[in-house]
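Me: Could you take a close look at one part of this structure for me, the charged side chains that pair up, and then set that part beside the rest of the fold? I am in my first year, so please go step by step.

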Amino acid sequence: SPHFADFREIYPTAADVARLCVMGGHQARLTLARLWLSEGIPFAFRQNPALYELIRAWIASRLGIDPKDVTLIGSARLGQSLFGNPFGSPFSIDSDLDFTIVSSTLFEKLVSEFNAWAFAYEGGSVAPKNERERRFWDDNLTRGPDTLGRGFIDSKMIPRLEPFVCAREIGQTMYLLIEKLRITPGGPVVRHADIRAYRGWDAFARQMSISLSCVKSGAA
């Protein structure tokens, strides 16, 4: 594509990404998703690449997957947010680590737990602690079937309750990661970390292309 002729930066600006998404269309968005947004050393770990690989291996060992299944997106990947408000806000201590895991095994485990939670919630055997949690639960119950149909699920959509072993393990892993980073020299200090699981790379590329199609308007 001629639109990539001058697009050579490892960490392009959000504005440059937005322009490419507009000019290059669907194929450019797929290229961005497969290369710039999922491969290589993320901006957050550019000063300590080996730490990023160590984190991937540690997450993988706890969740029973391959380290290559783990990648990082969001502002931690490029150094600027493509979907935040304001658009292009830089990676900072107020940012999150948005991990993506492309694993059919983990995806199916979370799908099973989501369906079990949805059945229990609708049947009244589990209940939210307060009204705020109820709003989140109701929203997740509504959005869940659509995201599952598109081949991905956010682990935070499943409450960290006793029966949901995989979701609880992810929550504990992300909590420990943040705490470990606080005392690790050369590691990024961030606010929060979470995981989205995809059924496969095709689902990842397709969803990222959809998200990137909104970049031109600054939408999420």
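Reply: In this model, which is predicted, a good place to begin is the pair Glu-131 and Arg-134, whose side chains meet in a salt bridge with N and O 3.9 Å apart. The cut-off for a salt bridge is a nitrogen-to-oxygen distance within 4 Å, so this pair qualifies. Both residues belong to helix α5, and because they are 3 residues apart there, about one helical turn separates them. Glu-131 has a relative accessibility of 48% and counts as partly exposed, and Arg-134, with a relative accessible area of 35%, is also partly exposed.

As general background, side chains of opposite charge can pair when their charged atoms come close. By the rule used here, the count for the model comes to 13 salt bridges, and two others are worth following in detail.

One of them joins Asp-96 to Arg-191, with the closest N and O atoms 3.1 Å apart. Asp-96 lies in strand β2, whereas Arg-191 sits in the loop between α6 and β4, so this salt bridge ties together parts that are 95 residues apart in sequence. Arg-191 itself counts as exposed, at 54% relative accessibility.

The other is formed by the side chains of Arg-168 and Glu-162, at 3.6 Å from N to O. Here Arg-168 is partly exposed, with a relative accessible area of 35%, while Glu-162 counts as exposed at 59%.

To set these pairs beside the rest of the fold, we can turn to the nonpolar residues. In soluble globular proteins, nonpolar side chains tend to be buried together. The largest nonpolar core of this model has 44 residues, and those with the most contacts inside it are Ile-59, Leu-97, Phe-99, Leu-106, Ile-153 and Leu-177. Among the elements that each supply at least two residues of this core are helix α5, strand β2, helix α6 and strand β4, which have already come up in the account of the salt bridges. The largest share of the core, however, comes from α4, with 9 residues.

Leu-177 shows how such contacts reach across the sequence: leaving aside residues up to four places away, Leu-177 touches Ile-55, Trp-58, Ile-59, Leu-97, Phe-99 and Ala-193. Apart from this core there is a second, separate one of 23 residues, which includes Ala-14, Ala-18, Ile-73 and Leu-212.

Terms used: Residues numbered from 1 in each chain as written. Predicted model: local features only at pLDDT ≥ 70, side-chain atom pairs only at ≥ 80, totals over all residues. Heavy atoms only, no water. Core = buried A, V, L, I, M, F, W, Y, C linked by side-chain atoms within 4.5 Å. Buried < 20%, exposed > 50% of the residue type's maximum accessible area, 1.4 Å probe, protein only. Helix = DSSP H or I, 4+ residues; strand = E, 2+ residues; numbered from the N terminus. Contact = heavy atoms within 4.5 Å.
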